[in-house]
Amino acid sequence: MPSLMPSQQRCSTENFWMDQIMNAPGMKPHPTISTRITSRWRSDFPALANPMNGKRLAFLDSGASAQKPYSVLNALQNAYCAHYANIHRGLYEFSQRQTADFEAAREKVAQFIGAGDARSIIFTRNSTEAINLAAQSWGRQYLQAGDEVILTVMEHHANLVPWHILKTQIGIEIKYIPLRENGELDLEVLPQMLSARTKLLAMTHVSNVLGTVNPVREVIAQVKHSHPHVKILIDGSQAVVHSQVNMREIGADFYAFTGHKLYGPTGIGVLYAPYEILDSMPPWQGGGDMIDRVRLDGVSFAPPPARFEAGTPAIAEAIALGTAIDYIGTIGYAKIGAHEQALRDELLQKLEQVEGVKLYGTQPQKAAIVSFTMEGCPAADVAMILDQSGVAVRVGHHCCQPLMQCLGVEHTIRASIGLYNDSEDIDQLIAGLIKARKLLI
Ligand SMILES: Cc1ncc(COP(=O)(O)O)c(C=O)c1O
């Protein structure tokens, strides 16, 4: 079977953008930035070799969805070409081998997040489905009218809307942890927000807009100490990408993440919960593969994880998610973190020198996600000019409308950094912003 091989780099990677910046009126490179950061992993990602609008691609939108390395693309292809068959039910060799690969991926995910027990890993379509599963299964079973759910104002809609749906369905009440000026949560108010009526705290590990890293382990320890009955759900969608997480250390009751931001395929995500919690929950969708017995007068259900995986799952995608985890493992989070943080610092320093830029989220140890506005320049217009310059960033509310309200803006421009980014991407972005300012003001 032919495998996908790296194609030739099609765009120049010379210091063109650096020259552009140095020659821009009023711009001087920051004195502390002397070394150029390169990425030895860029060539692992075939899409990055393609120009965008005829320009070298500076892909700074990994927070929305990351590019895929050859190994993941090969794994997807292999899952269909080697011994493709449906899983769990076939008594023939192909089905059994495919089942073994699928279940091996579950084991890999469990090890990757320090879950201990692979039965704690439910494959879902994405984070959104993982959180909806928790809301519709655990929430509908254990919450009643008047119970309180605590969220934060920095949540992605994926961790807001499912609880609003539950509010409509059963009458729960929702409270929000507010935000401080620097983009951190005001966790000092949390003890006063907790009460005997609080049943769940659901919060993001890393903000997809501000890059703020929330101290989830400390929050969980504090809440469990004073209110042991409160369940805690963590949205890890942006966290697993940038650093190692360990379920036994964090102590969450639910942890959700999505494969496509983790250099894996779309269509696959994960809900983690300790087995005893999953075993206490009813199914939320019914169908094949999740039952024990079905009779005309009733149904009994399979134990977790099957109970929550009705129908044919995303088989190839789960297997390829395992390969994405292998890919990250061969590099290691120490290197990924150091690379991303160096680029984040370079970006922050260079942004300081662009007139009119206002940053949102200034926590010193934040993830490599940088949101900003440019005074007098509508974000959508800036994005269009960046697009013409080969720069992919995200502009909008980032599925965080309540957060935008708190920040007092409609939109921000967000650059999010992955392991394949380099100084040239940063310079290309800065040059694009300078051009946008010239054209728009
Ligand atoms: C913090 C956070 N939570 C949840 C999601 C939803 O992810 P998905 O669309 O893969 O379900 C995202 C996606 O941007 C996110 O950034």
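How far does a polar side-chain atom of Gln238 lie from an oxygen atom of the ligand? The separation is 2.7 Å. This is a predicted model, and the ligand is a good place to enter it.

Gln238 is not alone in making such an approach. In the side chain of His260, an N or O atom is 2.7 Å from a ligand oxygen. For Lys261, a polar side-chain atom sits 2.5 Å from an oxygen atom of the ligand. Taken alone, the ligand would expose 400 Å², and the protein buries 88% of that.

Now take in the whole shell. It consists of 13 residues. The closest are Thr128, Asp235, Thr258, His260 and Lys261. By class, 10 residues of the shell are polar, two are charged and one is nonpolar.

Next comes the sheet of seven strands. It is open, and its pairing is mixed. Read across, the order is β2-β8-β7-β6-β5-β3-β4. Strands β2 (121–124) and β4 (173–177) stand at the edges. Each has a single partner strand, so one side of each is left without a neighbour in the sheet. From one strand to the next, the twist averages 20°.

At the β2 edge, the partner is β8, residues 269–272. The two strands pair in the antiparallel sense, over four bridges. Thr124 has Gly269 of β8 as its bridge partner.

Helices pack on this sheet too. Helix α5 (residues 161–170) lies across β3 (148–152), β4, β5 (198–204) and β6 (231–235). It runs at about 150° to β4. Helix α7, residues 216–226, touches β5 and β6. Its direction makes about 170° with that of β6.

Move on to the sheet of four strands. It is open as well, with the order β11-β12-β15-β14 and antiparallel pairing. Here the edges are β11 (357–360) and β14 (394–396). One side of each is left without a neighbour in the sheet, because each has a single partner strand. Neighbouring strands are turned by 30° against each other on average, direction ignored.

Strand β11 is joined to β12 (residues 369–374) by four bridges, and the two run antiparallel. Leu359 stands opposite Phe372 in β12.

Two helices complete this part of the tour. Helix α12, residues 333–352, packs on the sheet and touches β11, β12 and β15 (412–416). Its direction makes about 15° with that of β12. Helix α13 (residues 379–388) also packs on the sheet, touching β12, β14 and β15. The angle between the directions of α13 and β14 is about 160°.

Conventions:
Residues numbered from 1 in each chain as written. Predicted model: local features only at pLDDT ≥ 70, side-chain atom pairs only at ≥ 80, totals over all residues. Heavy atoms only, no water. Near = heavy atom within 4 Å. Polar contact = N/O pair within 3.5 Å; in protein donor to acceptor, adjacent residues only side chain to side chain. Areas by Shrake-Rupley, 256 points an atom, 1.4 Å probe, with all protein chains shown as cover. Nonpolar A, V, L, I, M, F, W, Y, C, P; charged D, E, K, R; others polar. Pairing = 2+ DSSP bridges. Axes fitted to C-alpha atoms, helices over the stretch in contact; angles between N-to-C directions. Contact = heavy atoms within 4.5 Å.
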